[in-house]
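Me: Hi! Could you walk me through this structure? I'd like to go through it piece by piece.

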Amino acid sequence: MRKIIEASTAAAIGVKLSRPQVIPMYPITPQTHIVERLAEFINDGELDADMIHVESEHSAISAAIGSQATGVRTFTATASQGLALMHEILHIVSGMRLPVVMEVANRALSAPISIWNDHQDSISARDTGWIQLYVESAQEALDTVIQAFKIAEDKNVLLPAMVCLDGFTLTHVFEPVDVPSQVNVDKFLPKYKPAFCLDTKKPITMGPIAYPNSFMEFKGAEHLAMKNALKVIKETNTQFKNQFGRGYGDGLIETYRLKDAKYAVVCMGTIVGTSRVVVDKLRKQGKKVGLIKLKSFRPFPIEEILKVTKGLKAIAVADRNISLGQEGALFSEIRSALYGKSKTIVSGFIAGLGGRDVKEETIEKMFDKINNGGTIWLK
Amino acid sequence: MLEIRIHGRGGQGAVSTGQIMAIAAFHDKKESQSFPIFGVERSGAPVQAFVRISDKKINLRSQVYHPKIVLVLEPSLIEVVDVTQGLLKDGLVIINSDKPAKDFKLNCKVETIDATSIAMKVFGRPIVNTLMIGAFAKITNLLSKESLKKAMDEKFLYSKGKKISDLNKKAIEEIMGQK
């Protein structure tokens, strides 16, 4: 059913339709609306789940480990400092191969204090072994959380997943959303059957010490699982498309007006929407430009990026994050993917930090300086 | 695509104003979008919210820089904020004021509505946002009365109850009915 709702509500509905049984939570701006809606769903009897009110994000993600380890589908949400406080536990969730799903309402990291959007929080958690999917609309937020459970729980993956949505710039936007029926979501995402769990009848140990003779094997298996996720994300997107009539590119990336393009902008999150508008505008002026939306930052779709950038003269990579003294994270990844295999010029642009608005002109500037080859700050 | 900017003070409901307008436009079978500029909210501080209404899917995610219509929920804001900033040439500013439009020298088309007085009559309190939406709809014909009433239910029935929802619908009747 089509409705007009806040993106946070859409994200929460996606969670509700996925039927998690435990939601440990600690509120933080701009994520709070998501867990508030979930609390309402539980209170109104629409969602049969236990919400655990904990004293910090460190406890929220720790409680999520406990619950998921007993074989229960578990969800939590956070942002910014909350994600930073979870950091040491994030590695433990993935290391224990627990498919927890978390929504991150992307927000800058202090200091100075900023409650507004950029991607520094989730990008700083890049190497924690979590899948990271970035979305551009309320609809995609709803759809992606449902997919995220399916991807994370796949037996060839068994890794936790973050669904990253831009704080305020998306979370607080009212817009139309098609809400799928519970019956259809149940078909797509059946009842959770854990691959393994804590059970007194069949005792196992999770997360014990690994001596130097086995640690690398554990990490190797996780690495392989993350690589497997590339295929699983694509398959899940195709299944979703078949069942619900909408998908997001191939699940990993999506291209827009790229067919005969010579230049393209590469971006994640809400910048994608504004870039679509700019591409349309420049196309009207006869410029051969297109767009590459990166949805899956982890795992990173190297082959797909190589394929779609083939023949492009230059690409502009927009980063809503910065590795200080170096460059944006997406820029590094794209350049590394293309290194030695492509003649396409890759230019990096730092934009939209701490809630700085990314305007149409911001994207136009990227196209203007697309042959630069270095990193430019767009204030 | 029509772009609207709303100026209010923290606590006046500028954010809800935008949401209700977007909800009503949706029920009028349009594509719509609404969002606020969030500050670290304080009661009384200047607040802005935006609405986009279009026949086509809205992809743009930047703030609104060139509104066609501006709503000013509180006239004293005009001293503090440039409410005409970026206003399109044929743009319109609708101000909540008991003064006639010609008293506002804004270099653009201005309409005033004494929303505070009507609000005192309907709500017994100076809650002006619903009346300003009604004024917008009456002046521009861009939102239907039926959709606005539907939007009031969607916005208030669950969160504030039937009484508040009905009062807001009455406020819409009050302003859109009167000439």
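Reply: Happy to! One definition first: a residue is called buried when its relative accessible area is under 20%, exposed when over 50%, and partly exposed in between. Also keep in mind that this is a predicted model.

Me: Good, let's use that. Is A:Gln120 buried or exposed?
Reply: A:Gln120 is buried, because its relative accessibility is 18% and the cut-off for buried is under 20%.

Me: Where is A:Gln120 found?
Reply: A:Gln120 belongs to helix α5 of chain A, which covers residues 120-123.

Me: And what does A:Gln120 touch?
Reply: Leaving out residues up to four places away in sequence, A:Gln120 touches A:Leu109, A:Arg320, A:Asn321 and A:Ile322. With A:Ile322 there is a specific link: the A:Gln120 side chain reaches the backbone nitrogen of A:Ile322 at 3.0 Å.

Me: Nice. Switching to charges: how many salt bridges are there over all chains?
Reply: The structure holds 38 over all chains. One of them pairs the side chains of A:Arg246 and A:Asp178, at 3.0 Å from N to O.

Me: Where do A:Arg246 and A:Asp178 sit in the chain?
Reply: They link distant parts of the chain, 68 residues apart. A:Arg246 is in the loop between α8 (215-244) and β9 (253-256) of chain A, and A:Asp178 is in strand β8 (residues 174-178) of chain A.

Me: Is A:Arg246 buried or exposed?
Reply: A:Arg246 is buried, because its relative accessible area is 16%. Its partner A:Asp178 comes out as partly exposed, at 28% relative accessibility.

Me: Give me another pair. What does A:Asp280 meet in a salt bridge?
Reply: The partner of A:Asp280 is A:Arg257, with 2.8 Å from N to O. A:Asp280 lies in helix α9 (residues 271-284) of chain A and A:Arg257 in the loop between β9 and β10 (263-267) of chain A, so the pair ties together parts that are 23 residues apart in sequence. Both ends count as partly exposed: A:Asp280 at 27% relative accessibility and A:Arg257 at 39%.

Me: Which residues of chain A are linked in a network of salt bridges?
Reply: One such network links A:Glu136, A:Glu140, A:Glu254, A:Arg276, A:Lys293 and A:Lys295.

Me: Over to chain B. Which residue forms a salt bridge with B:Asp153?
Reply: That's B:Lys169, with the closest N and O atoms 3.0 Å apart. This pair links distant parts of the chain, 16 residues apart: B:Asp153 is in helix α5 of chain B and B:Lys169 in helix α6 (residues 162-177) of chain B. B:Asp153 is partly exposed at 24% relative accessibility.

Me: I was also looking at B:Lys138. Where is B:Lys138 found?
Reply: In helix α4 of chain B, residues 129-140. B:Lys138 is partly exposed, with a relative accessible area of 26%. From C-alpha to C-alpha, B:Lys138 and B:Ile172 are 9.7 Å apart in space, while 34 residues separate them in sequence.

Me: Now the interface. How many residues of chain B are in contact with chain A?
Reply: On the chain B side it is 21 residues, in contact with 26 residues of chain A. The area buried between the two chains is about 2100 Å², and carbon and sulfur atoms give 58% of that.

Me: Which residues in chain B lose the most area to chain A?
Reply: B:Phe26, B:Phe38 and B:Arg61, which together make up 34% of what that side buries.

Me: How many salt bridges are there between chain B and chain A?
Reply: Two. A:Glu175 and B:Arg61 form a salt bridge, with the closest N and O atoms 2.9 Å apart. There are also eight residue pairs in polar contact between the chains, counting pairs with both residues at pLDDT 80 or more.

Me: Which elements of chain B give two or more residues to that side?
Reply: α1 (14-27), β2 (31-37) and α5 (145-160) of chain B. The largest share, six residues, comes from β2(B). By class, the chain B side has ten nonpolar, eight polar and three charged residues.

Me: Last topic: how many disulfides over all chains?
Reply: Zero. A:Cys267, for example, is in no disulfide, and the nearest cysteine sulfur, that of A:Cys164, is 15 Å away. A:Cys267 counts as buried because its relative accessibility is 0%, whereas A:Cys197 is partly exposed at 24%.

Definitions and conventions:
Residues numbered from 1 in each chain as written. Chains lettered and ligands numbered in written order. Predicted model: local features only at pLDDT ≥ 70, side-chain atom pairs only at ≥ 80, totals over all residues. Heavy atoms only, no water. Disulfide = S-S within 2.5 Å. Buried < 20%, exposed > 50% of the residue type's maximum accessible area, 1.4 Å probe, protein only. Contact = heavy atoms within 4.5 Å. Buried area = accessible area lost by both parts, 1.4 Å probe. Salt bridge = Lys/Arg side-chain N within 4 Å of Asp/Glu carboxyl O. Polar contact = N/O pair within 3.5 Å; in protein donor to acceptor, adjacent residues only side chain to side chain. Helix = DSSP H or I, 4+ residues; strand = E, 2+ residues; numbered from the N terminus. Nonpolar A, V, L, I, M, F, W, Y, C, P; charged D, E, K, R; others polar.
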